[in-house]
Amino acid sequence: MSNEKLLVGPAPHFRAKEDSEGMMRDVIIALLPALFLSIYFFGILAAIVVIVAVVSSLVFEYIMLRARKKTATKTDYYSAALTGLLLAFCITSATPFWAVIVGSAVAIVIAKHFFGGLGFNIFNPALVGRAFLLASYPVMMTTWFKPMDAITGPTPLNLIKEQGISTALSPLFFGNVGGSIGETSALALIIGGLYLLYRKAIDFRIPVSYFGTVIIFSHIFGVDPLFHLLAGGLMLGAIYMATDPVTSPVSRPGGWFFGAGCGLITMVIRLWGGYPEGVCYSILLMNAVVPLLDRYLPGTRFGAKRRLSLKK
Amino acid sequence: MLFKNTFVGGIHPPEEKEFTEKLGIEEATLPKQVVIPLHQCTGFPYRSLVAKGDLVKVGQKIGDSDSAISAPVHTGISGKVVAVEPRLTFMGRMVESVVIDSDGKQDVSDSVKPHPVIEKISIQEIVEAVKNAGIVGLGGAVFPTHIKLSPPKEKRIDNLIVNGAECEPYLTCDYRLMLDDIFNLAYGIDIARKVLGVSKAYIGIEDNKPVAIDYLRKKLNRVEVRALKTKYPQGGEKQLIKTILNREVPSGGLPMDVGVMVLNVATCAQIAKTLKTGMPMIDRVVTVTGKYLRNPANLRVKIGTLYRDLIEECGGVDGTIRKVLCGGPMMGVAVPSLDIPVHKGTSGIVVFTQKEIDEMERDRYEEVCVRCGRCTEVCPVYLNPSLLADYAEKGDWEMCKKLNAMDCIECGACSFVCGSRRDIVQLIKLAKDNIRKHVK
Ligand code: SF4
Ligand code: SF4
């Protein structure tokens with residue numbers, strides 16, 4: 001027992017087991033129920049779109065990491081796979097493969113790596129990919145397949161906006177409606193969301209304030225809040241997209257504000273905007289103000305209430 | 001109150017107290033040699049009062065300073081001074097130290113005389129006695145206690161909180177002290193109450209120590225024992241005050257600004273011991289522990305005993321020693337060598353073997369911040385550690401100051417939870433140093 005070489009290093013000498021890599025993995029796991037349901041409803045085509053999106057995202061990630069001479073970590077790849085999965089979830093199963101690949105390229109190369117890669121991107125990559133596709137190929141991107149059927153049909157949000165026809169809540173809940181691959185079954189998305197809350201992989205403030213705002217807004221303007229919660233990409237957006245750690249606020253009060261802002265913009269677009277759906281743009285718009293939220297909504301400072309605290 | 005018996009933020013690290021919590025405090029073997037550093041508390045170093053060749057007796061003062069913020073040091077063994085020279089200490093710095101070889105006799109110095117009992121002694125005399133005995137905060141802050149006990153006139157203290165939270169993993173020295181040395185603890189609390197002129201005293205204990213809570217509730221009748229939720233850093237002064245009294249120490253302020261005085265349980269017991277026997281602070285309880293240490297123990301150790309002797313006394317380890325901490329794993333310091341002495345702030349010696357380090361470090365490299373916000377979630381003083389670390393990396397100390405870096409209590413909760421394993425608290429400490437030096 002002499003001359004031992006002792007390690008010195010900064011405290012703390014204990015670290016939590018949960019790491020960033022695991023956090024990304026948890027989100028992927030949470031999305032699996034929704035994935036299985038959509039394959040069940042939309043068939044093999046949905047499965048293929050998902051596979052193409054995930055694989056192409058991983059390939060682009062690999063190329064970009066090599067090009068930028070970065071050491072690749074598992075977190076990088078989990079995050080890229082997640083981006084691919086989310087991208088596939090918010091496009092229709094009718095999307096041709098080449099378009100899926102273009103979407104992944106925009107997501108990974110432009111939205112993520114041009115901004116500095118993991119941790120530095122301002123906008124949610126999957127949503128940028130989707131927004132690009134929607135803007136470039138509007139007709140193709142709004143061709144929705146009906147579940148269990150090879151014929152195309154409108155989504156519940158199209159129906160209500162263009163023809164004023166409401167869809168029953170129960171198919172909305174289970175996912176038996178037209179729409180993007182992963183967004184149709186609220187049930188599966190909620191189950192995954194509960195898992196994420198249990199694992200503390202997402203900030204609960206964002207979905208809570210998102211849903212809350214949508215409910216309040218619906219009441220004020222006399223539309224059915226449950227319909228708006230369950231229809232379209234709201235569940236997917238509020239639980240999985242808005243909560244993306246990189247593009248949501250670090251500040252906790254900022255989280256409340258961020259979710260509420262997303263909810264408000266979504267409803268404004270849905271009721272009065274040019275598109276039937278507003279989730280994607282609402283989140284992208286709120287992404288842009290995240291740096292401001294982090295800077296100006298840092299929360300109370302411990303010890304700020306000095307006057308009050310002296311009183312008994 | 002919304003959050004009962006706890007504070008906002010905080011973490012739940014593994015507790016690891018099972019190795020030593022059932023073991024009563026034992027007297028460590030008398031060391032053959034001690035190395036007593038002449039700088040052991042917040043404040044200025046002392047000058048040596050002895051020279052090579054001098055004979056010293058137990059309790060003799062060997063180092064003192066004229067500075068107000070300072071507490072003298074004494075020797076805990078009798079024998080001969082063999083050197084007064086710079087020696088390595090736990091922080092890796094060389095500090096002028098007195099090296100004494102024991103003669104095994106333990107003759108007590110004439111200067112050690114009991115003080116009058118509490119009813120007969122004046123406040124002035126108590127503070128003086130505490131000062132001469134070199135008592136410092138034993139929770140790890142090592143701030144001279146006599147200064148704490150003489151707050152400026154305009155600060156009215158109305159509450160005394162005794163800190164028995166012991167939220168650091170592994171450490172059980174305060175827990176054992178509460179069980180094994182209750183008479184000194186009770187007497188110490190009475191003395192502190194007399195000095196501060198307060199009637200209300202609390203003792204805060206985390207609820208993972210139910211035995212101590214029950215025991216103290218039975219034995220201490222004039223002190224309110226509060227069971228606190230087990231959560232790190234419950235033992236931080238500011239968190240303790242917030243939890244027990246719901247008062248927030250203003251940022252940049254001291255507990256006395258909200259009328260509170262916080263003393264560690266071991267400090268209270270030491271005050272009592274000194275007044276009863278006149279013996280200055282020559283030893284302290286140290287938890288010597290580790291998963292692979294053969295016989296972990298809570299030892300009463302003479303200040304200046306070398307880590308190597310204590311680890312040997314505890315049977316050595318199974319495996320190779322790879323990391324040794326002074327204090328617990330959350331805020332403790334990894335020491336550079338085993339040949340460093342126990343000082344007044346050494347609450348624990350935690351030994352990790354190669355095997356444990358390998359397990360801990362596997363797959364553990366630093367990654368980029370993914371902005372998950374876990375660090376902001378746990379920060380007990382509501383900072384944004386991630387942003388602070390970003391600015392500290394860039395060396396933007398102005399910005400760090402604006403983001404209240406100085407409020408950081410250096411608890412390390414942020415680094416603990418960071419999934420990207422960034423050394424956040426290390427960066428913030430760096431920022432604090434630089435703000436003190438460069439930012440007006
Ligand atoms: S920033 Fe400071 S006070 Fe906050 S968690 Fe980190 S070390 Fe603790
Ligand atoms: S915990 Fe780590 S990864 Fe998460 S925001 Fe804080 S610094 Fe970034």
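## Two chains, one ligand: a walk through the model

In this structure, 52 residues of chain A are in contact with 73 residues of chain B. Keep in mind that this is a predicted model. Let's start where the two chains meet, then move into chain B, and finish with some backbone oddities.

### Where chain A meets chain B

How much area is buried between chain A and chain B? About 5,300 Å², with carbon and sulfur atoms giving 54% of it. Three residues stand out on the chain A side: His13(A), Phe14(A) and Phe302(A) supply 18% of the area that chain A buries against chain B, and no other three residues give more.

There are charged links here too. The count of salt bridges between chain A and chain B is 5. Take Arg205(A) and Glu377(B): their side chains meet in a salt bridge, with 3.0 Å from N to O. On top of that, 24 residue pairs are in polar contact between chain A and chain B, counting pairs with both residues at pLDDT 80 or more.

Which helices should you look at on chain A? α1 (20-42), α3 (74-89), α14 (279-296) and α15 (306-310) each supply at least two residues of the side that touches chain B. Sort the residues of that side of chain A by class and you get 23 nonpolar, 12 polar and 17 charged.

### Inside chain B: two domains

Chain B is divided into domain 1 (118-277) and domain 2 (374-438). Taken over C-alpha atoms, the centres of these two domains of chain B are separated by 29 Å. So how do the domains touch? In chain B, 8 residues of domain 1 are in contact with 6 residues of domain 2.

Here is that interface side by side with the one between the chains:

| Interface | Buried area | Share on carbon and sulfur atoms |
|---|---|---|
| Chain A and chain B | about 5,300 Å² | 54% |
| Domain 1 and domain 2 of chain B | about 520 Å² | 56% |

How many salt bridges are counted between domain 1 and domain 2 of chain B? The count is 0. Polar contacts do turn up, though: 2 residue pairs across the interface of domain 1 and domain 2 of chain B, both residues at pLDDT 80 or more. On the domain 1 side that touches domain 2 of chain B, the residues split into 2 nonpolar, 3 polar and 3 charged.

### The shell around ligand 1

Now find ligand 1. It is surrounded by 13 residues, and the closest are Cys379(B), Cys408(B), Cys411(B), Gly412(B) and Cys414(B). Two helices of chain B, α13 (413-417) and α14 (424-438), each supply at least two residues of this shell. By class, the shell around ligand 1 has 11 nonpolar residues, 1 polar and 1 charged.

### Backbone details worth a look

Where can you find cis peptide bonds? One joins Ala11(A) and Pro12(A), with omega about -5°. Pro12(A) sits in the segment before α1 of chain A. Another joins Tyr232(B) and Pro233(B), again with omega about -5°. Pro233(B) belongs to the loop between β11 (224-228) and α6 (237-245) of chain B.

One last detail: Asn246(B) is not a glycine, yet it has a positive phi of about 55°. You'll find Asn246(B) in the loop between α6 and β12 (260-264) of chain B.

Note on methods. Residues numbered from 1 in each chain as written. Chains lettered and ligands numbered in written order. Predicted model: local features only at pLDDT ≥ 70, side-chain atom pairs only at ≥ 80, totals over all residues. Heavy atoms only, no water. Contact = heavy atoms within 4.5 Å. Buried area = accessible area lost by both parts, 1.4 Å probe. Salt bridge = Lys/Arg side-chain N within 4 Å of Asp/Glu carboxyl O. Polar contact = N/O pair within 3.5 Å; in protein donor to acceptor, adjacent residues only side chain to side chain. Helix = DSSP H or I, 4+ residues; strand = E, 2+ residues; numbered from the N terminus. Nonpolar A, V, L, I, M, F, W, Y, C, P; charged D, E, K, R; others polar. Domains from an automatic or database assignment. Near = heavy atom within 4 Å.
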